[in-house]
Amino acid sequence: MLYDTIAAVSTPLGEGGIGIVRISGEEALEIVKKIFVSPRGKDWYKGSHRMYYGHIVHPVHRGIIDEVLLSVMKAPHTYTREDVVEINCHGGTVPLREVLKTVIEAGARQGLPGEFTKRAFLNGRLDLTQAESVIDIIRAKTDSSLRVAMNQLKGALSGKITNIQDQMLGLLAGLEAAIDFPEDEVEEKTKIEMMKSAELIKIQLEELITGAETGKIYREGIRTVIAGRPNVGKSSLLNALLRENRAIVTEIPGTTRDIIEEMLNIRGIPLKLIDTAGIRETEDIVEKIGVEKTRESLEGADLVLLVVDVLTGITGEDKRVLGRFKDKKILVIMNKIDLQENDPADCGFPVVKLSALTGEGLKILEDKIVEVALAGGMNMPEAVTVSNVRHQTSIINAKKNMEDFIVSLKADLPPDLLSVELRAAWESLGEITGSTVTEDLLDRIFTDFCIGK
């Protein structure tokens with residue numbers, strides 16, 4: 001399958017100005033020759049990295065299917081390091097479908113999800129961290145998320161990982177020498193130097209792990225649940241944060257009975273805002289279902305904005321919520337300060353006073369959300385950031401191997417046993433860049449990609 005010529009639609013389906021069918025493989029040019037007619041004649045394909053005007057025609061009956069611009073890019077200077085041809089069609093489901101069908105009839109195979117990027121990795125165009133960053137760029141929700149992904153695409157993380165692996169190889173070289181020449185005892189000075197190097201590697205791994213939570217936030221966003229009793233201003237807060245009237249607001253308690261979800265960008269951090277039904281005991285069947293959904297949302301929340309009416313203060317129901325979810329990140333919002341401003345009682349959680357109606361205190365709330373979400377760790381998106389859970393797991397495993405190596409080194413275990421833990425750490429990091437990756441893992445990674453990328 002690696003030598004098949006593949007084709008897929010690389011732009012979203014639907015109406016648009018332009019749609020692109022991408023072709024990659026050894027037979028890309030030969031396939032296009034069968035279906036592309038150019039006013040330039042038969043020699044249009046001799047150039048590279050040029051665009052040509054013409055028509056896509058049926059390979060048998062030669063009927064015109066679409067008027068197109070053809071982008072020709074010859075290996076190795078392409079995304080996949082194979083010959084690549086992109087057919088720029090008129091945007092729309094029908095012309096794209098018909099052009100792709102024609103390309104496949106002419107000899108190409110339908111590309112699988114992420115197969116173009118997988119070929120870029122297998123052909124040495126990208127390492128695995130760079131390949132995975134492609135999907136992060138596509139799915140970026142904020143400018144900061146985009147910068148994190150672009151930083152990874154440029155090779156910042158893989159460069160850091162490779163540097164740490166090189167340090168491990170330096171240690172391994174010393175151990176291998178000791179294994180090959182057992183009659184030469186490892187000097188105490190050499191052991192001390194090994195210990196220093198191992199400790200330094202462990203510190204670098206710990207730094208990457210520390211920044212992983214921030215990276216995950218930029219990549220995946222924060223699931224933020226707005227909760228509280230009925231009529232405290234939850235929907236008003238949602239509308240105020242979004243700067244639009246997304247949720248219905250009335251003075252009737254229990255108006256919100258279902259979950260409302262919206263994406264919000266606060267200082268570059270993506271927030272998945274969830275407005276919920278008011279928490280209270282009720283006999284209304286529909287409202288009961290809404291309250292149960294609220295509790296389920298709170299269980300899965302990364303951040304809870306507990307809205308409290310400043311007129312009534314923190315009630316017993318509010319205290320029960322705070323007690324049940326005390327292990328989560330919580331901000332208590334004292335709303336309606338335009339009606340009355342009270343000093344909030346100490347509840348053990350950060351408190352922000354605001355008016356969702358007038359917007360007073362809204363900026364303070366946004367600043368506090370960023371502070372609580374990042375827990376003081378203001379990692380800039382331009383820094384080397386671990387944003388992928390798979391990468392984080394591999395680094396944690398490598399750190400555990402290094403800790404075991406250090407313990408074994410202190411216990412004066414033989415070099416052959418020491419090298420086992422060190423090599424395991426090196427291989428764990430190799431799973432990140434792809435130097436020690438398995439075919440099954442590759443399949444799992446690229447299955448998450450869209451077809452055509």
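**Exercise 1. In which loop does Pro76 lie, and what is unusual about the bond before it?**

Step 1. Pro76 sits in the loop between β5 (64-73) and β6 (84-90). Strands (E, at least two residues) and helices (H or I, at least four) are DSSP runs, numbered from the N terminus.

Step 2. The peptide bond joining Ala75 and Pro76 is cis, with omega about 5°. Most peptide bonds are trans, and most residues other than glycine have a negative phi.

A note on the model: it is predicted, so local features need pLDDT of at least 70 and side-chain atom pairs count only at pLDDT 80 or more, while totals for chains, interfaces and linings use all residues. Residues are numbered from 1 along each chain as its sequence is written, and side-chain values use heavy atoms, with hydrogens and water left out.

**Exercise 2. Find where His49 and Asp412, two residues with positive phi, are placed**.

Step 1. Take His49. Its phi is about 55°, and it is not a glycine. His49 belongs to the loop between β3 (36-37) and β4 (50-57). With a relative accessible area of 47%, His49 is partly exposed. Here buried means under 20% relative accessible area, exposed over 50%, and partly exposed in between (1.4 Å probe, protein chains only).

Step 2. Take Asp412. Its phi is near 60°, also positive in a residue other than glycine. Asp412 is in the loop between α13 (389-410) and α14 (415-433).

**Exercise 3. Describe the chain as a whole.**

Step 1. Count the elements. The chain has 15 helices and 13 strands.

Step 2. Look at burial. Of the 453 residues, 49% count as buried.

Step 3. Look at contacts (heavy atoms within 4.5 Å). Among those between residues at least 6 apart in sequence, 66% join residues at least 24 apart.

Step 4. Search for disulfides (pairs of cysteine sulfur atoms within 2.5 Å). The whole structure has zero. Cys89 is buried at 4% relative accessible area, while Cys450 is partly exposed at 37%.

**Exercise 4. Which residues have the most contacts inside the largest nonpolar core?**

Step 1. Fix the term. A nonpolar core is a set of buried Ala, Val, Leu, Ile, Met, Phe, Trp, Tyr and Cys residues joined through side-chain atoms within 4.5 Å. In soluble globular proteins, nonpolar side chains tend to be buried together.

Step 2. Name the residues. The largest core has 32 residues, and Leu237, Leu305, Ile333 and Leu365 have the most contacts inside it.

Step 3. Trace the elements. Those giving two or more residues include α9 (234-242), β11 (303-309), β12 (329-335) and α12 (362-374). The largest share, seven residues, comes from α12.

Step 4. Follow Leu365. Leaving aside neighbours within four places in sequence, Leu365 touches Leu237, Leu241, Leu331, Ile333, Val352 and Leu354.

Step 5. Look for another core. One of 26 residues lies apart, with Met168, Leu172, Leu429 and Ile432 among its members.

**Exercise 5. How many salt bridges does the structure hold, and which parts of the chain does the pair Lys118 and Glu439 link?**

Step 1. Set the cut-off. A salt bridge is a side-chain nitrogen of Lys or Arg within 4 Å of a carboxyl oxygen of Asp or Glu. The structure holds 28.

Step 2. Examine Lys118 and Glu439. Their side chains meet in a salt bridge at 3.2 Å, N to O. The pair links distant parts of the chain: Lys118 is in helix α3, Glu439 in helix α15 (residues 439-447), 321 residues apart. Lys118 is buried at 15% relative accessible area, whereas Glu439 is partly exposed at 46%.

Step 3. Turn to pairs within one helix. Asp367 bridges Lys363, with the closest N and O atoms 3.3 Å apart. These two are four residues apart in helix α12, so about one helical turn separates them. Lys400 and Asp404 also form a salt bridge, at 2.9 Å, N to O. They are four residues apart in helix α13, which means a separation of about one helical turn.

Step 4. Find a network. Salt bridges link Asp4, Glu82, Arg109, Glu115 and Arg119.
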